[in-house]
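Welcome! Below are some exercises with worked solutions, to be read with the structure open beside you. Try each task before you read on.

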Amino acid sequence: MIALGIEYDGRAFCGWQRQAQGERTIQAAVETAISAIAGMPQFATAAGRTDTGVHAALQVVHFAPAVVRPLTAWVRGVNAHLPADVSVRWGVEVAADFHARFSAVSRQYIYWLGDRPTRSALAHGRVGWTHLPLNAPLMHEASQSLVGTHDFSSFRASACQAKSPVKTVQSIRIVRVGERIRMDIQANAFLHHMVRNIVGALVYVGAEKIPAAQISTLLAEKNRAHAPPTFAPDGLYLAGIQYPAHFAIPEAFVDVVM
């Protein structure tokens, strides 16, 4: 079994998952590249299915090649067949019971958000934006009510296929860095659009459209219809996947500095 650490710029992709209609996806690009090295079709499973426009500083995938190749082939060789906006960071051999998705014990996302009066041309597609001035300390304060094990139905997309809306958020940290705001959120797993829906609600808090205490109320209501809109994918980065130590995965987190 081979595991790869992958990074990608999600702007030109329709998300991770291969689409029947043939849209450009990261999974299709990765599988095409590893198939070229294997000399036969290969299928890759990811730690998480990122949405259209979402980036990854660290995505982890696994596949079971039917041929033996040196690790350099699964890194440099695969990179030679990938487009410029996708790259393999590393490759390792893993035990047969490793699973990129089900073996993970936590995932970490970073959201970068600009709140200057005008949008940034240089950060287009890489940083979220609102023209409203935001109160970052208030956003952080409100976000702490989401830490812990909860039913996150109010922050779940209607198309979400997860069996349960109950997830455990281990930490949320929101700080201002110059003219941008950085949000870090770590959880055992995430629902479809969960991070973007949390960001959307906290932007309303930061702009003082709703009180900070409303986040607790939304969580308790378990009703997506009562929550603020889903925020844009532009500033969202999958940055960390943690696994039990015995799998010896080389990286657990890659920082994203904007």
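Two strands pair if DSSP finds at least two bridges between them. Helices (H or I, at least four residues) and strands (E, at least two) are DSSP runs, numbered from the N terminus. The model is predicted: local features need pLDDT of at least 70, side-chain atom pairs count only at pLDDT 80 or more, and totals for chains, interfaces and linings use all residues. Residues are numbered from 1 along each chain as its sequence is written, and side-chain values use heavy atoms, with hydrogens and water left out.

**Exercise 1. Find the strands that pair with β9, and work out whether β9 is enclosed.**

Step 1. Start with β5 (residues 106-114). It runs antiparallel to β9, and eight bridges join the two. One place to look is Y111, whose bridge partner in β9 is M183.

Step 2. Now turn to β8, which pairs with β9 in the antiparallel sense, also over eight bridges. Here R173 has D184 of β9 as its bridge partner.

Step 3. Look at the link between β8 and β9: they form a hairpin with two residues between them. In the turn, G178 has a positive phi of about 65 degrees.

Step 4. Check burial, where buried means under 20% relative accessible area, exposed over 50%, and partly exposed in between (1.4 Å probe, protein chains only). Eight of the eight residues of β9 are buried, so this strand is largely enclosed by the rest of the structure. Both faces are covered, with R180, R182, D184 and Q186 buried on one side and I181, M183, I185 and A187 buried on the other.

**Exercise 2. Describe the surroundings of Q108.**

Step 1. Place the residue: Q108 lies in strand β5.

Step 2. Is Q108 buried or exposed? Its relative accessible area is 16%, so Q108 is buried.

Step 3. List its contacts (heavy atoms within 4.5 Å). Leaving aside neighbours within four places in sequence, Q108 touches D184, I185, Q186, Y237, L238, A239, G240 and F253.

**Exercise 3. Trace the partners of β3.**

Step 1. Take β1 (2-8) and β3 (55-63). They pair in the antiparallel sense over six bridges, and Y8 has A56 of β3 as its bridge partner.

Step 2. β2 is also antiparallel to β3, joined by two bridges. In this pairing A46 stands opposite V61.

Step 3. β10 runs parallel to β3, and two bridges join them. A56 appears again here, opposite L238 of β10.

Step 4. Nine of the nine residues of β3 are buried, so β3 too is largely enclosed by the rest of the structure.

**Exercise 4. Follow W74 from its helix into the core.**

Step 1. Find helix α2 (residues 71-80), whose buried residues are A73, W74, V75, G77 and V78. Their cover includes β1, α1 (26-38), β3 and β4 (86-93).

Step 2. Beyond four places in sequence, the contacts of W74 include I2, L4, I34, F63 and V88.

Step 3. Consider the largest nonpolar core (buried Ala, Val, Leu, Ile, Met, Phe, Trp, Tyr and Cys residues joined through side-chain atoms within 4.5 Å). It has 87 residues, and W74 is among those that touch the most other members, along with L4, V60, F98, I215, Y243 and I249. Helix α4 (residues 194-206) gives the largest share of this core, eight residues.

Step 4. For background, in soluble globular proteins, nonpolar side chains tend to be buried together.

**Exercise 5. Contrast the largest cavity with the largest pocket.**

Step 1. Settle the terms. On a 1 Å grid over the protein atoms alone, a cavity is a set of points where a 1.4 Å probe fits but cannot get out, and a pocket is an open set with protein on both sides within 12 Å along at least five of seven lines; lining residues have an atom within 4 Å of a point. Grid points are joined across faces, edges and corners, and a volume is the space filled by probe spheres set on the points.

Step 2. How many cavities of 30 Å³ or more does a search of the whole structure find? It finds one. The largest cavity holds about 60 Å³ of space, and α4 gives the most to its lining, with four residues.

Step 3. The largest pocket has a volume of about 1,200 Å³. Among its 41 lining residues, G48, R49, R101, F190 and H192 are the closest to its centre.
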